[in-house]
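Work through the exercises below with the sequence and the 3D view open. Try each task before reading its solution.

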Amino acid sequence: MNSDQKIERLTALRDAYDGCSRCGLCDPRGRSRANVVFGGTNVDADVMIIGEGPGAQEDENGVPFWAEARSGEMVDKFLASMNSSREEVWIDNMVMCRATSMEDPDKDRPPSKTELAACRDRLSEVIHIVDPKVILLLGRTALKLAKKWGDYEDKEVVAVREGITSIVREPDPRRLALEVPGSMSTVRYTAFATFHPAYLLRLKEADLNRKNSDLEMAWRVWRHAFRMADSFNYIYEGTVPPQRGVDVE
Ligand code: SF4
């Protein structure tokens, strides 16, 4: 599929989900979402980044990991440190509408199983259209994709159940295999999982050792993901890989 065909299909998909009411997130307790936050930006991206769902600022602005929100700012910094930018990757979420707590409508919560299931076909279609070389899952909820669509490449299913922390803390790059179903076929994608920026931002300055070590581990996974995509490009297309893991001022 060429870029124009991808844009055409993504636009049609976006239109199909405009005003979507497939799950309860369309109208959280009578307070309608501001936007259905469809992913973006590069339709030919080698790396696709998938988070959980939009927060307040993403809901307001209609952009996943909005650059002026703290998590979005951190994503931009990770990208810059990979010698990359938003314009080179595709950024998406498991669900496109903001999930808020029953007790406090200003507080975000993880989407439920039902909500994740309602938005999953849309995400699998986006993955098939963009067709990235590597998928980078951010956080525990995104890791549920691995449970639904595949297991560790080495079939350590138990480790998947242990959750995101044990996965990221393993010294080796935790590569996953996602079998993403589509209307025509199921495609296997190489994936990595790392901490969600919101988790890293919540780590307290007082626990500096933990903060630094988790940040470093998260960064290593980002680098593994970008280097894997570079390796595919080099092997299949002969493209000389750019330097990854550069210092950021
Ligand atoms: S989260 Fe997805 S399935 Fe649920 S209402 Fe929003 S767009 Fe529709």
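**Exercise 1.** How many of the residues of β4 are buried, and is the strand mostly covered or mostly uncovered?

Solution. The model is a predicted one. Step 1: a residue counts as buried if 20 or more other C-beta atoms lie within 10 Å of its own. Step 2: in β4, 5 of the 5 residues are buried, and the strand is mostly covered. Step 3: take the faces in turn. Val134, Leu136 and Leu138 lie on one side of β4, Ile135 and Leu137 lie on the other, and all are buried.

**Exercise 2.** Find the strands that pair with β4, and name a bridge partner in each pairing.

Solution. Step 1: β4 (residues 134-138) is joined to β2 by 4 bridges, and the two run parallel. Within this pairing, Ile50 of β2 has Leu137 as its bridge partner. Step 2: β4 also pairs with strand β6 (residues 186-194), in the parallel sense, over 5 bridges. Here Leu138 is matched with Thr194 in β6.

**Exercise 3.** Describe the surroundings of strand β2.

Solution. Step 1: count the buried residues. In β2 (residues 47-51) 5 of the 5 residues are buried, so the strand is largely enclosed by the rest of the structure. Step 2: sort them by direction. Val47, Ile49 and Gly51 point one way, Met48 and Ile50 point the other way, and all are buried. Step 3: look at the pairing with β3. β2 and β3 are parallel and share 4 bridges, with Ile49 opposite Ile91 of β3.

**Exercise 4.** Which residues of the largest nonpolar core touch the most other members?

Solution. Step 1: the core holds 57 residues, and Val47, Met48, Leu136, Leu137 and Ala225 touch the most other members. Step 2: take Val47 as an example. Beyond four places in sequence, its contacts include Val89, Pro132, Val134, Leu136 and Ala225. Step 3: relate this to a general tendency. In soluble globular proteins, nonpolar side chains tend to be buried together.

**Exercise 5.** Is Ser85 buried or exposed?

Solution. Step 1: locate Ser85 in the loop between α3 (70-81) and β3. Step 2: a residue is exposed if 12 or fewer other C-beta atoms lie within 10 Å of its own. Ser85 has 12 such neighbours, so Ser85 counts as exposed. Step 3: list its contacts. Apart from neighbours within four places in sequence, Ser85 is in contact with Leu79 and Ala80.

**Exercise 6.** Which residues come nearest to the ligand?

Solution. Step 1: there are 14 residues around the ligand, and Cys20, Arg22, Cys23, Cys97 and Cys119 come nearest. Step 2: sort the shell by class. It has 11 nonpolar, 1 polar and 2 charged residues.

**Exercise 7.** Decide where the model calls for caution, using pLDDT.

Solution. Step 1: start with the whole protein chain. Its average pLDDT is 83, and 84% of the residues score at least 70. Step 2: compare the elements. Strand β3 (residues 90-93) has the highest mean pLDDT, 97, and helix α6 (residues 157-162) the lowest, 39. Step 3: mark the weak stretch. Over residues 151-162 pLDDT stays under 50. Step 4: apply the general rule. Where pLDDT is low, the predicted coordinates should not be read in detail.

Note on methods
Residues are numbered from 1 along each chain as its sequence is written. This is a predicted model: local features need pLDDT of at least 70, side-chain atom pairs count only at pLDDT 80 or more; totals for chains, interfaces and linings use all residues. A residue is near a molecule or strand if its C-beta atom, placed from the backbone, lies within 6 Å of it. Ala, Val, Leu, Ile, Met, Phe, Trp, Tyr, Cys and Pro count as nonpolar, Asp, Glu, Lys and Arg as charged, and the others, Gly among them, as polar. pLDDT is the predictor's confidence in each residue, from 0 to 100. Two residues are in contact if their C-beta atoms, placed from the backbone, lie within 7 Å. A nonpolar core is a set of buried Ala, Val, Leu, Ile, Met, Phe, Trp, Tyr and Cys residues joined through C-beta atoms within 7 Å. Two strands pair if DSSP finds at least two bridges between them.
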